[in-house]
Structure formats: C-alpha cells, structure tokens
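Let's take a walk through this one, from its cysteines to its surface. Keep the 3D view open as you read.

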Amino acid sequence: MHESTRRTTLSYINVPIHFSSGQFQGRCVRAELVEIQKADLGRKYARVDRRPLDPPPVVQLKLYCVHNEGSDHEYEQEVQDYDDIQNLGLLCNVDLFQVSTQPDSSSEPSSLPRHPPQISPVVQPVRPPSGGYPLPSILPSMSTQSDKLPPLSSSSRVPVSDAKLPHLPPYAAYPESMKCTTALSGATFVQPACIDYEGKRALVFPFADLAVKIEGDFFLRYRIFDIFSRTSSLVDVPVQAECYGGPFHIYSTKEFPGLQPSTELSKQLSRYGVRLNTRETERKRKKKGSETSVIPSRTSKSRATRIPQSGSECD
C-alpha cells in the first residue's frame, strides 16, 4: 500500500481533475504546462567540467478552476494569485528523447531548424454519459494523447549554433521505448518558483542543472504532479499535465561554439534566488591557435629586452 501511493498515473493528463485530498480538495482543477524558454545547445557531459543546457529550460504552470463541471454551464477560470498556491509537493520532472534521424519523405529540405506544429493545448476530457468523472479504463491511451500538445513559446531564442537540426516528427512517433532519460545528468525533478512574468505572478519550473552525456539532437518532455493530492477514484498520484519542448543540439567539447548572453528570463530567475549562471556578454570558445600565437610573441619580446640589459651590466 505504501508503494502504491508513490506511483503516478497518466490517466488524467491535461484534463480536469476532481481532487479528494490536497490543497485543491473538493475542487475540479485543470493544469497546463507551457515551455516558455527552451534550451538552444549544450556541451557533452564531462565529470571534470559539466556544463548545463543553455539557456536553462523553463516551463510555466497554469491552473484553471472548473466550475459547474459536467453541466451545460461548465466554464473554467485561471487562478488569479499564484502566491496562494502551495509550492510544497508540486514537482515537475523531465524525460529526454533523441530526435529521430529517419528521413521524412513528406518534408521539404531546409537549412533552418524546424519545429513541431503548434497545436492547441486544450484537451477535452472524456466523460461517461452520466457526466461523472472518467475512470482510467475509458480514457484514451497515452499514444493517442501525445499529439495534443501546447505550442512552443514564441519567446524562445533562435538557436545560436550553426547545426542543421533535423525535421522533428510528431511527438506521437516517439514511444516510451525511445526515451533516453538515463543520458541526463543533474536535477530532473524541480520545484516551482513564483516570479513576475509578463506583468503578473507565475509559477515556473527552471531546470538550471541539466546536462546530456551523449552528442546529438534532443528534446525534453515535462510532466507535473502534486505528491500530496489524490483523486476520488485513484490512490496513485495523477500526472496533471505534460508538454514537449523544442529541439536542441549537444556538441562535443572540441566543437562547442560557446555561449550567448543570458536571456532576460534567466536574469529574472536569478534575481528571485534561483541558482543559475548568468552572463552579460557572449562567451566564445577559446581557440588554441590564437593562444599559441600570442605566447611566443611575449616570450621573444621579453628576451629582446633582457639581452641589452645583460650586455650593459657586463660593460
């Protein structure tokens, strides 16, 4: 029984949930995740010098209270003050998927990175004729829900690398067997931070300590749940929402092009106490050729000044 309460169920992803315990006890709430900052690039993980994804991926959690649930007058309203939400127990975790390298005959060749289609994040719940809440056995499976995803954030920066990211097929084409989360290093579970975003308070999950151990093109899947909340029909913890992020490239140490200045969102998170690295200017990779060309010139110059001094002393 103790182990079963730790499990999570995917039956209620992106649909209204009637909670029987937790901070939303007695209420029907729908959660929504949106990636508001995607990673552009990263350097292959090394134990000696681990560099996290840049910029750090960030997802925003939106909560909607559903009123008159199951009736003809059903409507939902977003939570007005996210400072009232208890952060303790809210967790977001990530899974890693590698972009498929299989050619897509239906796609046209392009030198620019291509992103998945923007689809509305609203997924209508499936209800029985009586209007009650659905049980897991009558809900769509995970494979049929995966293609109903939030759009990518328009505020994400254009990738700074010159890598030609392949066309990203629909997320439904990526089964769980293609998950490579074991290649992630760092904090894959994070708690939210409440910050000012776009003129109002917002709950965001910053993944400031993620690195990838292998090279290639990848994307992240985010899932949110509350370990202290339960539904009226299940003892397992429901996964309330999920979304998929944009693609990014992991370079080898020799090919890593460097880092761009930190985004405004990263600086904002740092001001709110989130531990992450911020930069005001671009940080390019140092070239060994330029370093070796400078050192001999300094050495020859110093030798040239010492020779006359030693000769004058002898005189």
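## Cysteines first

A quick bit of vocabulary: a residue is called buried when its relative accessible area is under 20%, exposed when that is over 50%, and partly exposed in between. Cys-243, with a relative accessible area of 1%, is buried. Cys-28 is buried too, at 5%. Bear in mind that this is a predicted model.

How many disulfides does the structure hold? Zero. A disulfide is a covalent bond between the sulfur atoms of two cysteines, and here the pairs sit too far apart for that. For Cys-28, the closest cysteine sulfur is the one in Cys-65, 8.9 Å away, which is too far for a bond. For Cys-243, the closest is in Cys-92, and that gap is 7.3 Å, again too far for a bond. The cut-off used for a disulfide is 2.5 Å between the two sulfurs.

## Helix H2 and what it packs on

Now look at helix H2, which covers residues 264-271. Which of its residues are buried? They are Leu-265, Ser-266, Lys-267, Gln-268 and Leu-269.

Those buried residues pack against four strands: S3 (28-37), S5 (58-67), S10 (193-197) and S11 (200-206). After H2 comes Gly-273, with a positive phi near 95°.

## Strand S11 and its partners

S11 is worth a closer look. Five of its seven residues are buried, so the strand is largely enclosed by the rest of the structure. As a reminder, in a regular strand the side chains alternate between the two faces of the sheet.

What does S11 pair with? With S5, it runs antiparallel and is joined by four bridges; Leu-61 has Leu-203 in S11 as its bridge partner. With S10, it is also antiparallel, and five bridges join the two strands. Here Tyr-197 is partnered with Lys-200 of S11.

S10 and S11 form a hairpin with two residues between the strands. One of the residues in that loop is Glu-198, and its backbone comes up again in the next section.

## Backbone oddities

Most residues other than glycine have a negative phi, and most peptide bonds are trans. A few spots here go the other way. Glu-198 is one: its phi is positive, near 55°. The residue is exposed, with a relative accessible area of 67%.

Asn-68 also has a positive phi near 55°. You'll find Asn-68 in the loop between S5 and strand S6 (75-78). Is Asn-68 buried or partly exposed? At 44% relative accessible area, Asn-68 is partly exposed.

Then there's the peptide bond between Asp-54 and Pro-55, which is cis, with omega about -10°. Pro-55 is in the loop between strand S4 (41-43) and S5.

## A nonpolar patch outside

Finally, turn to the surface. Which residues form a nonpolar patch there? Leu-88, Ile-227 and Phe-228 do, with about 300 Å² of accessible area together.

Leu-88 is in the loop between S6 and strand S7 (90-98). With a relative accessibility of 61%, Leu-88 counts as exposed.

Definitions and conventions:
Residues are numbered from 1 along each chain as its sequence is written. This is a predicted model: local features need pLDDT of at least 70, side-chain atom pairs count only at pLDDT 80 or more; totals for chains, interfaces and linings use all residues. Side-chain values use heavy atoms; hydrogens and water are left out. Buried means under 20% relative accessible area, exposed over 50%, partly exposed in between (1.4 Å probe, protein chains only). Contact means heavy atoms within 4.5 Å. Two strands pair if DSSP finds at least two bridges between them. Patches are made of residues with over 30% relative accessible area and no salt bridge: like charges are joined within 9 Å, nonpolar side chains (Val, Leu, Ile, Met, Phe, Trp, Tyr) within 5 Å. Accessible areas come from the Shrake-Rupley method with a 1.4 Å probe; for residues, only the protein chains shown count as cover. A salt bridge is a side-chain nitrogen of Lys or Arg within 4 Å of a carboxyl oxygen of Asp or Glu.
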